Amino acid sequence: MTRSLNLLKIENNLIYYTNEDNDYVLSSSARVLINKGIVTFFKKEHRDLIHALDPITKFDIKWYGFLTALYLTSLLVAIPMSPHSVQIFGTWQPAGILIFPLTFLVLDTINATLRYEYAKTTTYFGAGMCALASGLIAATFSIFEITSPYKEVFEPLIHLYLINSLCILLADQANNFTFKKLSMLLYKAPIWIRSILSSTIGQAIYTFVWIGLFFNSSTSVTLLQKIADNYIFKIGYAFAVLPVLYGLVLTYKLLKSKSNNNLPAE
């Protein structure tokens, strides 16, 4: 099993490298090494050099901005709706259940089309946004005398956003890290396998932490049933939205190719 790779030279935009035992020499573009996760096998200075050979383009910035906006919007809408329960397929689910899983879809899209570092940054944006929202609402209530009905609407969000900030740091980042590792181990496997496996881990963490903290109760059969129902629904939903994931990845490739074709010739 490959433990580390050594960069030999860079020539004609190709990176020549070998394994630690110098058994073979391979060549590849920086983009391929990054997308397949192979870059992580190089030492830090070589990883930095490889990333420098594949800088983010104007199109990538726009694409990243679009996906990050979609991620943050999904959080802003789904989180305040989550305390209310709705019945789906005979189970009780948070009202934001059809919106929230889209956050994992967006992270998988960022991991698949850009790279892990961008997905990790988006996760930090989401956790920071929730923590900041919680703090600002709490500060507003401590400064001003706010009465009903605004009190009933906004005061619960202090606790709710704070819980979700922790969940995002733990679960969403676990999803990103798992997707990254699977891209290294299963880089020849289709994207859907990496997406489902990473969602399986990330959603498990989110479900246990969120329900455990939100309901703030000791373990019971009812609580375990809620966790199981919520988790099973999320995984089923992850399968259902796989066509959307493939559609986003295909859209990125088509638009990226069009953007590259419009670049002026050197």
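Select leucine 166: this residue is partly exposed, because its relative accessible area is 38%, between the 20% and 50% cut-offs. The model on the screen is predicted, and the tour starts from this residue.

**Stop 1: a patch on the surface**

Leucine 166 sits in helix H6. Keep Leu166 selected and add Tyr124, Leu169, Leu170 and Leu213; these five residues form a nonpolar patch on the surface. Their accessible area together comes to about 430 Å². Now colour helix H6, residues 150-185. Helix H6 contributes three residues to the patch, the most of any element.

**Stop 2: a salt bridge along helix H6**

Stay on helix H6 and select glutamate 155 and lysine 151, which lie four residues apart, about one turn of the helix. Their side chains meet in a salt bridge, with 3.2 Å from N to O. Are these two residues buried, exposed or in between? Glutamate 155 has a relative accessible area of 34% and is therefore partly exposed. Lysine 151, at 31%, also counts as partly exposed.

**Stop 3: the whole protein**

Zoom out and show the protein as a cartoon. There are nine helices and five strands. Follow the chain from the N terminus and the elements come in the order β-β-β-α-α-α-β-β-α-α-α-α-α-α. A box of roughly 70 × 40 × 30 Å, taken along the principal axes, is filled by the C-alpha atoms.

Switch to a surface view. The protein exposes about 14400 Å², and carbon and sulfur atoms supply 66% of that area. The protein has 266 residues, of which 42% count as buried. Of the contacts with a separation of 6 or more, 64% are between residues 24 or more positions apart.

**Stop 4: strand S3**

Return to the cartoon and select residues 25-28, which make up strand S3. Pick serine 28 in this strand. Serine 28 counts as buried because its relative accessibility is 11%, and the cut-off for buried is under 20%. What does serine 28 touch, leaving aside its neighbours within four places in sequence? It is in contact with Leu14, Ile15, Tyr17 and Leu33.

**Stop 5: a salt bridge between lysine 9 and glutamate 11**

Select lysine 9 and glutamate 11. These two form a salt bridge, and their closest N and O atoms are 3.5 Å apart. Glutamate 11 is partly exposed, at 35% relative accessibility. Lysine 9 is partly exposed too, with a relative accessible area of 38%.

**Stop 6: a salt bridge between two loops**

How many salt bridges does the protein have? The count comes to seven. For another of them, select arginine 115 and aspartate 54, whose side chains meet at 3.9 Å, N to O. This pair links distant parts of the chain, with the two positions 61 residues apart. Arginine 115 is in the loop between H4 and helix H5 (116-143), and aspartate 54 is in the loop between helix H2 (44-52) and helix H3 (58-81). Both arginine 115 and aspartate 54 are buried.

**Stop 7: tyrosine 64 in helix H3**

Move to helix H3 and select tyrosine 64. Tyrosine 64 counts as buried, at 13% relative accessibility. Show the residues that touch tyrosine 64: apart from neighbours within four places in sequence, they are Ile110, Leu114, Tyr118, Thr121, Thr122 and Phe125. Then draw a distance from the C-alpha atom of tyrosine 64 to that of leucine 254. The two atoms are separated by 15 Å, while the residues are 190 apart along the chain.

**Stop 8: two helices that cross**

For the last selection, show helix H4 (residues 102-113) and helix H9 (residues 242-261). Their axes come within 10 Å and cross at roughly 35°. The crossing of H4 past H9 is right-handed. Which residues meet here? On the H4 side, select Leu105, Asp108, Thr109, Ala112 and Thr113. On the H9 side, select Val244, Leu245, Leu248, Val249 and Tyr252. With both sets shown as sticks, the contact between the two helices is in view.

Conventions
Residues numbered from 1 in each chain as written. Predicted model: local features only at pLDDT ≥ 70, side-chain atom pairs only at ≥ 80, totals over all residues. Heavy atoms only, no water. Patch = residues over 30% accessible without salt bridge, like charges linked within 9 Å, V, L, I, M, F, W, Y side chains within 5 Å. Areas by Shrake-Rupley, 256 points an atom, 1.4 Å probe, with all protein chains shown as cover. Salt bridge = Lys/Arg side-chain N within 4 Å of Asp/Glu carboxyl O. Buried < 20%, exposed > 50% of the residue type's maximum accessible area, 1.4 Å probe, protein only. Axes fitted to C-alpha atoms, helices over the stretch in contact; angles between N-to-C directions. Left-handed = near helix turned anticlockwise from the far one by under 90°. Contact = heavy atoms within 4.5 Å.
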